[in-house]
Amino acid sequence: MGLELKDVCKNFGTKEAVKHLNITIDKPGVYGLLGTNGAGKTTTIRMILGIIKKTSGTISWNGKEVKRENVNFGYMPEERGVYPKTKIYDQLMYFARLKGMKQKEANEAIDYWLKRLDMEEYRDMLAEKLSKGNQQKIQFIISVMNDPELIVLDEPFSGLDPVNTETLKKVMKELIKENKYIIMSSHQMASVEEFCTDLTILNRGTTVLQGNLAKIKNGYPSEKIEIITVENIDNIIKQAGLEIIENTDNHYLVKIKKEKQGEELFKKLAETNIRVIKFEFKKPTLNEIFIEKVGA
Amino acid sequence: MKNLGIVTGFTIKEMLRRKSFIFSTLVLLIIIVLAFNIPNIMSMFGTDSLDEKVLVIDPENLFDGQVEYLNNMELGYTFEITTENLSQEQIKQKVENDIDACIKFTKNDNTVKMEYIVESASMNFGSVPQTLIASFTNLYSNVQISKLNITPEEIAAIEPQFDVELIETDENAAKGNVAIMMIISLVLFYAIFFCAQQVSVSITTEKTSKIIETLVTSTDSKTIVLGKTLGIGIVGLVQIILMIVVAGISAKFCMDPELLNSIFDLSSITPKLVILTLVYFCFGYALYSLGFALTGSTVSKPEDVQYANGPINFIAVIGFYLAYFSMMNPSSNMNQISGIVPISSPFSMPLRIMMGTATNSEIVTSLIVLIVTTILLAVIAIKVYSSTILNTGARLSLKDAIKMAKENK
């Protein structure tokens, strides 16, 4: 079971938007699709969902072509949109019915999701009267109310305030527990690190990095150490021949070339009576890996 | 296609919710009610009839006081008579206030001078109405003849009593009531053209509100285009039926039956005409709405809609004038062309059927051409719509849109 993209290409005229893309998502969870603007993320998502046609390659879900008839999917596009002059309930019901839900089933789902996202009070309000964040939550409800197996979220957290971001994160965690297959495109690396187990980074339509996030990070050597002490240890670090990148109230970020340099510094600190609160070899963040890969 | 009913239902709801639609429908209904109440409204303002008021000044009593008889002849004028020799200033004042026109008769040797005085002659195209000249000439002759002591039998022998009858040698000569034909052509044009335009507005609105991407992943493009076309068509049809019902009620309760019959010859409306008019409305509407769906697909901003619709508007106006030409020149060969060409046949054929100038084979051919063109246009419109839905930038030319559709095959 799962989604498979094999050698997928998309050309717009002479421009190659996506080049020979291969992705296999064979287990539930969140799969990250990363890239700079114009890297081909949204084009890839649109090809997966059949909104635009691929130039070549195959896209399948459980061995079958990804079509509404074969896959129960939900999609929250990057371009947020609602019918501005239509009541929230009416547009939710419209999309629920289009997705094949019966009236009663749709009513129950609408009630559940409006309550789950603290939107009950807006049920009979025109969409144009809602804030952008709340309109975004309506779009999220449209993408999940039909209990889809595959959920595609394009920039789900952009434009949300911290409270709504937290609410949406909780819901996403519930969806992960329900073994949903989720594809998430985002520029917010922290969110990707929080949710994604596997990912693909695209740059100008080409895959520049792909695989399990933890393995990718482990493949990188530690180049920094984070140290928190109760006293100033500038001299000890300098004596070890290391460079201090940052120091804020004895919270240090120290650059190392080899992990062995870190181990030696740790030994020196242990020999002193200075109380060390934290000493951690830091792997590069996803943000740093991303910047390295796309050459920003 | 199982979602067709859902899209149609939602489109109908959206249309009925629009304030602009409610307002325009109300305005149309009010205009219809007012139009049928014009005689009543005029009487409320003290005007007893629509007749023009004419003051006849006959200071020499040339008509022997017989002018009053003209009031019984329904000439479209109400005559007031005076033998007082009013001055030019007095006449001017009357003409500029309570009288539409003034006629002054004076005799000079054997010539009777008839002065027709109005505030402005532009309404009469700069001439004296022939009806008035003929009526007063006839009346004057009768007055003079009566002075010759001729018996009524002799008068009857002198005056021609023609039994006038119109006979047409062409069995297929045009029939029909002009007033009803004009109303049918206008209603068809309004219904087909203005309702169909709503399809492009609806498509562009979905692009502007960015809901389109969610929509196309919920159902297919074919269902969206056809559902919108069907929904707006149903609303348009209901609006037309409402207008006809209101017109019927207004005519029945607000108009004098004699006046009504003199304007509208309802006997020319046959069941065949009603059914075929509805058929032509449906396919004509489908043709134009799909044309507007095509142009609506090429834009993403409401302000570009009118510009994009330009070619279809132009085609519709040509179609309407071809139909109008058919009505005004029923014997012209152009009628057969306007009845077959799909852009004009929805407007033209109902009129030709009413005039009795369309043969059954012409009707069948015209419908086949119209239906085939509509299907072809539907295929193109759906293809272009599917390929251009994500175009949110500048307006695409139709050529570019069709090219995109071909590339996206």
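In chain A of this predicted model, the centres of domain 1 and domain 2, taken over C-alpha atoms, are separated by 39 Å. Domain 1 of chain A covers 3–218 and domain 2 covers 224–294, with bounds that come from an automatic or database domain assignment. Residues are numbered from 1 along each chain as its sequence is written, and chains are lettered from A, with ligands numbered from 1, in the order in which they are written. As the model is predicted, local features need pLDDT of at least 70 and side-chain atom pairs count only at pLDDT 80 or more, while totals for chains, interfaces and linings use all residues.

Let's look at where the two domains of chain A meet. Here 11 residues of domain 1 are in contact with eight residues of domain 2, where contact means that the C-beta atoms of two residues, placed from the backbone, lie within 7 Å. On the domain 1 side, at least two residues each come from α6 (189–195), β9 (196–203), β10 (206–212) and α7 (213–218) of chain A. These element names follow DSSP runs numbered from the N terminus: helices are H or I runs of at least four residues, and strands are E runs of at least two. The element that gives the most to this side is α6(A), with three residues. By class, the domain 1 side has seven nonpolar, two polar and two charged residues; Ala, Val, Leu, Ile, Met, Phe, Trp, Tyr, Cys and Pro count as nonpolar, Asp, Glu, Lys and Arg as charged, and the others, Gly among them, as polar.

Stepping back to chain A as a whole, you will find 10 helices and 14 strands. Its C-alpha trace spans about 70 × 45 × 30 Å along the principal axes. Of the 296 residues in chain A, 38% are buried; a residue is buried if 20 or more other C-beta atoms lie within 10 Å of its own, exposed if 12 or fewer do, and partly exposed in between, with C-beta atoms placed from the backbone. Among the contacts in chain A between residues at least 6 apart in sequence, 68% join residues at least 24 apart.

A good place to start with the strands is β1 (residues 3–12) of chain A. Strand β1(A) runs antiparallel to β2 (residues 15–25) of chain A, and seven bridges join the two; strands count as paired if DSSP finds at least two bridges between them. β1(A) and β2(A) form a hairpin with two residues between them, and G13(A) in the turn has a positive phi of about 65°. Strand β1(A) is also joined by five bridges to β4 (residues 56–61) of chain A, again in an antiparallel arrangement. Residue E4(A) appears in both pairings: it stands opposite T24(A) in β2(A) and opposite S60(A) in β4(A).

Now for the partner chain. Chain B is assigned domain 1 (4–39 + 177–407) and domain 2 (51–158), and the centres of these domains, over C-alpha atoms, are separated by 52 Å. Chain B has an open sheet of four strands in the order β2-β1-β3-β4, with mixed pairing. At its edges stand β2 (77–82) and β4 (111–118) of chain B, each with a single partner strand, so one side of each is left without a neighbour in the sheet. Direction ignored, neighbouring strands of this sheet are turned by 20° against each other on average. Within the sheet, β1 (residues 52–57) and β3 (residues 101–108) of chain B pair in the parallel sense over four bridges, and L55(B) stands opposite C102(B) in β3(B). Helix α4 (residues 88–96) of chain B packs on the sheet, touching β1, β3 and β4 of chain B, and its direction makes about 150° with that of β3(B); axes are lines fitted to C-alpha atoms, for helices over the stretch in contact, and angles run from 0 to 180 degrees between N-to-C directions.

Finally, the two chains meet through 21 residues from chain A and 17 residues from chain B. On the chain A side, α2 (88–98) and α4 (132–144) are the elements that give two or more residues, and the largest share, four residues, comes from α2(A). That side has 12 nonpolar, three polar and six charged residues.

One residue to pick out is G81(A), in the loop between β6 (73–76) and α2 of chain A. G81(A) is buried, with 21 other C-beta atoms within 10 Å. Across the chains, G81(A) touches S209(B), K210(B), I211(B), I212(B), E213(B) and T214(B), not counting residues up to four places away in sequence. G81(A) and Q139(A) are 58 residues apart in sequence, and 7.3 Å apart in space, C-alpha to C-alpha.
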